[in-house]
Amino acid sequence: MGNCQPTIVPYEDFDPIADIKAIRKACKGFGTDEQAIIDILANRSAFQRQEIKQAYFDKYDDLVDKLKSELSGNFEKAILAMLDPPVIYAVKELRKAMKGAGTDEDVLVEILCTATNSDVAMFKECYFQVHERDLVADIEGDTSGDVRNLLMTLLEGNRDESYDVDDDLAEADATSLFEAGEGCFGTDESTFSYILATRNYLQLQATFKVYEQLSGTEILDAIENETSGTLKKCYIALVRAAKNPQLYFARRLHDAMSGAGTDEDTLIRIIVCRSEYDLETIKDMYLEKYDVSLKDALKDECSGDFKRLLLAICH
């Protein structure tokens, strides 16, 4: 929404042949020149990185296999993430979140609750191409109850994406939300889910304002009090994405670095996937919210080539 700035833009003097020669040289002999790989990949757009991958394959062999054999750990994970088209990487993350025992609901929430209608359509198509499985069926089989119903609504990809605000509708929706939540015994989740999953972001912002006037409670506090578990996480993500998507991602990054241990997968997913959309704006939000720059936080939290790569993507 609005004025979002990326950190990575297409490289002007792009020469895939020069790039693949430099990458090949970086992988030659004893040890790998990781900095050379970072300097190239962190300064090329996703589309240019696909061209590099193809040119490398045409001239030498599979770049992904080559880098897998040369690199390791989180640095390897992040580099491989950069060599997938963003939508392919996203559907791999969705599948990973549902594979094996238990579901990583935080990943489903982060990806699906911030997706545009066209993102949703591409996720469905690419998920099938990559995994030969149906995304909707997998999520339906992997979730239950109100969470499943909400994610199914989001997967219809029917959000109004206009910038029109209808004050009467905001009034009506705010009243419905109040009556479905604080105003009654028990919470009517279907009303919450429908409104949060289908209204445009500006409309939702207007609705949240009216809600606060009506109930005297901020919508996030109401959700905190009325819901729990994964459903609460979904609602909070949807409200935060409607208010300010870049601040939502800044919070996710901060949470990934808070407490014991670091959630490197989340750092990779957001920093790599948002770099060509709004990472510069996410950096601004991070600084505003936490009084420390994202780059300084990453410096404290990460190390080695992985740290150098993330800092290079953040520019």
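**Entry 1: H315 and D291**

I looked up the exposure of H315 and found it partly exposed, at 40% relative accessibility. My cut-offs: buried is under 20% relative accessible area, exposed is over 50%, and partly exposed lies in between, with a 1.4 Å probe and protein chains only. H315 sits in the segment after α20 (304-314). Helices here are DSSP runs of H or I with at least four residues, strands are runs of E with at least two, and numbering starts at the N terminus.

This is a predicted model, so I take local features at pLDDT of at least 70 and side-chain atom pairs at pLDDT 80 or more, while totals for chains, interfaces and linings use all residues. Residues are numbered from 1 along each chain as its sequence is written, and side-chain values use heavy atoms, with hydrogens and water left out.

I checked backbone angles next. H315 is not a glycine, yet its phi is positive, about 50°. Most residues other than glycine have a negative phi. D291, also not a glycine, has a positive phi of about 60°. I placed D291 in the loop between α18 (279-290) and α19 (294-301). D291 is exposed, with a relative accessible area of 73%.

**Entry 2: helix α8**

I went to α8, residues 117-131. This helix has 15 residues and spans 21 Å from first C-alpha to last, close to the expected 21 Å at 1.5 Å a residue. The expected span is 1.5 Å times one less than the number of residues.

Which residues of α8 are buried? I noted N117, V120, F123, C126 and Y127. An α-helix has 3.6 residues a turn, so residues three or four places apart point the same way. The buried residues of α8 pack against α6 (86-98), α7 (105-112), α9 (135-142) and α10 (145-155). Contact here means heavy atoms within 4.5 Å. Just after α8, E132 takes a positive phi of about 50°.

**Entry 3: cavities**

How many cavities of 30 Å³ or more does the structure hold? I logged 2. The search runs on a 1 Å grid over the protein atoms alone; a cavity is a set of points where a 1.4 Å probe fits but cannot get out, and lining residues have an atom within 4 Å of a point. Volume is the space filled by probe spheres set on the points, which are joined across faces, edges and corners.

The largest cavity holds about 70 Å³ of space. Its lining includes N117 and V120, both among the buried residues of α8. L112, C113, A115, L154, G157, N158, R159 and A197 also line the largest cavity. By class I get 6 nonpolar, 3 polar and 1 charged residues. Nonpolar covers Ala, Val, Leu, Ile, Met, Phe, Trp, Tyr, Cys and Pro; charged covers Asp, Glu, Lys and Arg; the others, Gly among them, are polar.

The second largest cavity has a volume of about 60 Å³. R49, A81, M82, D84, P86, V272, C273, S275, E276 and Y277 line this second cavity. Two elements give two or more residues to that lining, α5 (73-82) and α17 (264-274). The class split is 6 nonpolar, 1 polar and 3 charged.

**Entry 4: salt bridges**

I counted 19 salt bridges. The rule is a side-chain nitrogen of Lys or Arg within 4 Å of a carboxyl oxygen of Asp or Glu.

E70 and K66 form one, at 3.3 Å from N to O. The two are 4 residues apart in α4 (residues 63-70), so about one helical turn separates them. E70 is partly exposed at 23%, and K66 is partly exposed at 23%.

K96 and D265 form another, at 3.6 Å from N to O. This pair links distant parts of the chain: K96 in α6 and D265 in α17, 169 residues apart. K96 is partly exposed at 46%; D265 is partly exposed at 23%. I also found both in a salt-bridge network with K77, E93, E110, R252 and R269.

D173 pairs with R199, the closest N and O atoms being 2.6 Å apart. D173 lies in α11 (residues 167-180), R199 in the loop between α12 (189-198) and α13 (201-215), 26 residues away along the chain. Are D173 and R199 buried or exposed? I have both as buried.

**Entry 5: F57**

I located F57 in helix α3 (residues 46-59). F57 is partly exposed, with a relative accessible area of 49%. The C-alpha atoms of F57 and I20 are separated by 9.5 Å, with their positions 37 residues apart along the chain.

How values were computed:
On a 1 Å grid over the protein atoms alone, a cavity is a set of points where a 1.4 Å probe fits but cannot get out, and a pocket is an open set with protein on both sides within 12 Å along at least five of seven lines; lining residues have an atom within 4 Å of a point.
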